[in-house]
Amino acid sequence: MGKIAQGILGGLSGKVGNIVGGSWKGIDYIRIKPSSVANPRTEGQVNQRNKFIITLEYLQATKDFIKIGYKSFATKKTEFNAAMSYVLNNAVGGIAPNFTIDYSLALLSRGPLSGVLNPTTDLTTAGQVSFDWDDNSAEGNANVTDKAMVLVYNPSKKESISILDGADRTVGSQVVTIPNTYAGDTVELFMAFVSADGTQVSNSVYLGSGTAA
């Protein structure tokens, strides 16, 4: 049984007939519960579900990075939901049923901060991934105190290793220690910058893939 708080004009909590009410982030809402679908496995529904699944796997593995990278988009939604919407609409490709994530388009952070200049990576040292870049702290709205955000994503294990408060932009390098169990796995590499106070981020950059040593 549903309850209406503060009289008839208040928020509805619970279910009344096919109307469901609740509150999320302090916002009261109501929605109509959809009637049962005659065929819940049409081709379009299956395709959308498959796209959702691969996006969810990618973002769940990188959610700590996303929490910072999509902070400015978390208005009446979570950072994760904002990232899910962006990646689904901009970075899922392939031909059904073999959908894939285009990592170059699947941004893990989005923002106006000046981005990474001439980034490179090195995976030749066992148990490590090195990220390098050129200092562009004098350009745009970059600052010498901006921190590197780097991420090593392992699709086969559906997990990632990241540093979210790394070296200053002026330092030009950051090393990430990865587990020995990653050896021989293909990993996907990403980088961005975040301001020292955490209020601004740059768009993330996809640095390609490599085989972990």
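Analyst: Two residues are in contact when heavy atoms lie within 4.5 Å. This structure is a predicted model, in which local features need pLDDT of at least 70 and side-chain atom pairs count only at pLDDT 80 or more, while totals for chains, interfaces and linings use all residues. Residues are numbered from 1 along each chain as its sequence is written, and side-chain values use heavy atoms, with hydrogens and water left out.

User: Among contacts between residues at least 6 apart in sequence, what percentage join residues at least 24 apart?

Analyst: In the protein chain, 59% of those contacts do so.

User: How many helices and strands does the protein chain have?

Analyst: Helices (H or I, at least four residues) and strands (E, at least two) are DSSP runs, numbered from the N terminus. The protein chain has three helices and 13 strands.

User: In what order do the four strands of the open sheet stand?

Analyst: Strands of a sheet pair through backbone hydrogen bonds, either parallel or antiparallel. Pairing requires that DSSP find at least two bridges between two strands. Here the order is E10-E9-E12-E13, with antiparallel pairing. Strand E10 (159-163) and strand E13 (205-211) are the edges, each pairing on one side only.

User: How many bridges join E12 to E13?

Analyst: Five bridges link strand E12 (residues 186-194) to E13. Phe-190 stands opposite Tyr-206 in E13.

User: Which strands does helix H1 lie across?

Analyst: Angles run from 0 to 180 degrees between N-to-C directions of axes, which are lines fitted to C-alpha atoms, for helices over the stretch in contact. Helix H1 (residues 43-61) crosses strand E9 (147-154), E10 and E12, at about 130° to E9.
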